[in-house]
Every structure is written in C-alpha cells, then in structure tokens.
Amino acid sequence: MPSTTSQQGNDQSQQQPGCDAASPSPPPPAPVPLTPGPRASRLQQVFNEALARTLRANSYANFAACFPTPAKHVPASLESVWRQLNAKLEESAKAEFDDIMRERDAIRQLNELDRLVGEARRRKENGEGQNPVAPHTLGADELYQAHLRPYLKEVQASLNAKIETTQSQNAELAERIQAQRKEIESLLSGLEAVVGDLEGAAKASTQFSKEHSLRQESLQMDEEVKARVDI
C-alpha cells in the first residue's frame, strides 16, 4: 500500500508540469511610454505654431492702433501692457492645452496608435495575415508600382502637409482681409459724416451771406430815404 501511494504521488507530480504547459498564462502587455511619440510631438508642434501665429497677429502696431491716445502720449506704458497681455494669453493657452492633453490621456493614446500602426506596417511588410505572393509571378506594372509606392506615399504626405499649411495661411489672410474691409467701411462712414458736416457748413455760410446782403441793402435804402427827407 505505501508503494502504491508513493506511485500515485509521483504520477500526480509528473502530470502537474504538463498541465501548466498546456495552459500558460499570457504575457503582460508592454507598457505604453509616456514620452511623446511622433503623433504626440506633431500635435504639440501644430499647437505651438498656431499659438505663435496668433501672437504674431496681435502685434504692437495693431494693438497701438486700437489705443491711439495712449500710444501717442505714453507709448512705453502701452507697450508694457501689450507685452503682459501677450504673455498672459500664451500662458493661459498652454495651460489649457496641457489640461486637455492630461484629461484625455492624449500622449498615451497617440503612442498606442503609433505602436499599432507600426505593428500593422511590420506585419504587412512581412506578409503576415495574408497570402504571400512570389515576386516573379507579378507583372511589370505591378512590380513598378510596388517599387514606387513608398516614394509616392512620402510625396503624398509632404503634399498633404503643404496643403494644410496653405489652407491655414489662407484662413489667416481671409480674416485679415475681412478686418481691413470693416476698417475701410468704418473710415468711409466717418468720411460721409465729415462731408455732411461740410455741406451743412457751406449751406449755412451761403444763407448767412444772403441775409447779410439783404441787411446791407435795407440800410442803404434807409440812408437814401433819410437823405431825401433832409433835402
């Protein structure tokens, strides 16, 4: 009996490693780095460029044009106010952007997207998950396009970036033109008011001249009547 029990224990000890090998635990996923990757860095770059364009649009010349009297008499104080305003605007914009990135966990999500895209690209290049095609079975056009596709993708990405930049610049120019049109309309309305005042002044001057002439004629007639009476 003791030998039978020891044999059963040995059998169980031999079967235990086999069970662990049949159902291994999955490896833990690789941690996502919190250092900004390509997409997170590009997002930060786009934000910085947009903020810089906004601050450049609020130049001292534009700011001083809104306050002509202080710009004429206390330009140093006005420039100090302008610098403080731009600094506060930049600080508030960056703080709000950082809050949004932290609340949305944007860096981690974008890094995960970079990892997934890189993994999908690697699997595609290695032919995983699809039927491999032998190069000698492809035609001339297919081989030609296969060699050109990476270059064309790079050119397309560059063109898309240039188009995006051009569209942003066009939007900025459109806003500037709209502001200039409003300024021109304001100047025209002011000129119309000045012309109206000048016309009113000219009319009043003409009427005064006529009344003054009639007064002189009446005085002359009175003098003639008095002269005749004296005679």
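The buried residues of helix α5 pack against four other helices: α2 (38-57), α3 (60-66), α4 (68-73) and α6 (106-126). Keep in mind that this is a predicted model. Below is a quick tour of α5, then a pocket, then a stretch that UniProt labels as a coiled-coil region.

**Helix α5**
- This helix covers residues 75-103, which makes 29 residues.
- From first C-alpha to last, α5 reaches 42 Å, close to the 42 Å expected at 1.5 Å a residue.
- Which residues of α5 are buried? They are L78, W82, N86, A93, F97 and M101.
- Just past the end of α5 comes D105, with a positive phi of about 55 degrees.

**The second largest pocket**
- Its volume comes to about 500 Å³.
- A set of 15 residues lines this pocket, and A57, N62, E175, R176 and A179 are the ones that lie nearest its centre.
- Helices α2, α3 and α7 (140-230) are the elements that each give two or more residues to the lining.
- Which of them gives the most? That's α7, with eight residues.
- As for chemistry, the lining splits into five nonpolar, five polar and five charged residues.

**The coiled-coil stretch**
- An unreviewed UniProt entry puts the feature "coiled-coil region" at residues 156-194.
- In the model, residues 156-194 are 100% helix and 0% strand.
- The C-alpha atoms at the two ends of residues 156-194 sit 56 Å apart.

Note on methods: Residues are numbered from 1 along each chain as its sequence is written. This is a predicted model: local features need pLDDT of at least 70, side-chain atom pairs count only at pLDDT 80 or more; totals for chains, interfaces and linings use all residues. Side-chain values use heavy atoms; hydrogens and water are left out. UniProt positions are given in the numbering used here, feature names are shortened, and annotations may be inferred rather than shown by experiment. The expected span of a helix is 1.5 Å times one less than its number of residues. Buried means under 20% relative accessible area, exposed over 50%, partly exposed in between (1.4 Å probe, protein chains only). Contact means heavy atoms within 4.5 Å. On a 1 Å grid over the protein atoms alone, a cavity is a set of points where a 1.4 Å probe fits but cannot get out, and a pocket is an open set with protein on both sides within 12 Å along at least five of seven lines; lining residues have an atom within 4 Å of a point. Grid points are joined across faces, edges and corners, and a volume is the space filled by probe spheres set on the points. Ala, Val, Leu, Ile, Met, Phe, Trp, Tyr, Cys and Pro count as nonpolar, Asp, Glu, Lys and Arg as charged, and the others, Gly among them, as polar.
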